[in-house]
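Open the model in your viewer and keep the selection tool at hand. We will go stop by stop.

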Amino acid sequence: SYTIYNKLIKMIGVKLRSEKEIYDFLIKRDIKESDINSIILNFTYTRIIELIKTREKENVKIIIFGISYKPNIGDLRESPFVKLVKKLRKDNNIELIIIDPLVKEKSIEGNIVHDSYNTLDIQTSDLTILGTAHSCFDLELIFNESNKIFDIKNVFKDKNSPKVIKL
C-alpha cells in the first residue's frame with residue numbers, strides 16, 4: 001500500500017500534508033474506500049517506523065493522544081488507530097502509552113488506555129503522535145513538552161518547528 005501511495009503521488013508530483021488530504025486525493029481517483037484506509041494506515045505506520053529508526057536507543061517510547069474515530073467522541077468503531085496500535089504492538093521494542101479520556105474501552109491490544117496524562121510521560125517519549133485531537137487535550141502543553149510530534153491530523157500546521165512532522 002505504501003508503494004501504491006508513493007506511485008500515485010510521484011505520478012502527479014503532489015505532497016499531501018494530512019490524512020484528510022490523502023483521503024481526498026485518492027477518493028477523487030475512484031480508489032475504493034477500503035483500499036484508501038489500508039493505504040493511509042500502512043503509510044502512517046511506515047512513517048512512524050522511519051521516525052523512530054533515527055533514535056540511537058534500543059527501546060522506543062511512543063505516546064499517542066486520541067484513538068477514537070473522530071474528535072470529542074469515544075467511538076472506536078472504524079478507528080484506524082486500533083489497527084495502528086495492533087501493528088505497533090508487533091514490535092517488541094516499542095512502549096506505547098495511549099491517552100484517550102473519551103474511550104470506554106480501557107485496553108487496546110494489551111495496552112492500557114489512560115484517561116489522563118502527565119508532563120513527564122510527554123517529556124520522556126521519543127515520539128508523540130497526535131491522533132484524534134479531542135478538545136480536552138492541552139495542545140500547547142503537548143507541543144511544548146514533546147521531543148518530536150507526528151502530527152497526523154495537521155493540528156500544528158501553524159507551528160513552524162522542526163519537531164513537528166507532518167504525515
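In which sense do strands β2 and β4 pair, and over how many bridges? Select residues 94-99, strand β2, together with β4: the pairing is parallel, over 2 bridges. Bear in mind that this is a predicted model.

Now show the side chains of β4, residues 111-114. Asn111 and Val113 point to one face and are buried. Ile112 and His114 point to the other face and are not buried. Such alternation is what a regular strand shows between the two faces of a sheet.

Stay on Val113. Opposite it, in β2's pairing with β4, look for Ile98.

Next, add strand β3, residues 107-108. Its pairing with β4 is antiparallel, over 2 bridges. Ser107 stands opposite Ile112. The hairpin of β3 and β4 has 2 residues between the strands. Pick Glu109 there: its phi is positive, near 50°.

Move to Ile67. Beyond its neighbours within four places in sequence, it is in contact with Ile98 and Val113, among others including Leu76, Phe81 and Ile108.

Ile67 also belongs to the largest nonpolar core, which has 27 residues. Ile62, Ile67 and Phe150 touch the most other members. Colour α3, β1, α4, β2 and β5: each supplies at least two residues of this core. The largest share, 6 residues, comes from α3. A second, separate core of 12 residues includes Ile122, Phe137, Ile142 and Phe156.

Last stop: helix α3, residues 33-53, where Arg47 is found. Is Arg47 buried or exposed? Arg47 counts as buried because its relative accessible area is 18%, under the 20% cut-off. Leaving aside neighbours within four places in sequence, Arg47 is in contact with Phe150, Ile165, Lys166 and Leu167.

How values were computed: Residues are numbered from 1 along each chain as its sequence is written. This is a predicted model: local features need pLDDT of at least 70, side-chain atom pairs count only at pLDDT 80 or more; totals for chains, interfaces and linings use all residues. Side-chain values use heavy atoms; hydrogens and water are left out. Buried means under 20% relative accessible area, exposed over 50%, partly exposed in between (1.4 Å probe, protein chains only). Helices (H or I, at least four residues) and strands (E, at least two) are DSSP runs, numbered from the N terminus. Two strands pair if DSSP finds at least two bridges between them. Contact means heavy atoms within 4.5 Å. A nonpolar core is a set of buried Ala, Val, Leu, Ile, Met, Phe, Trp, Tyr and Cys residues joined through side-chain atoms within 4.5 Å.
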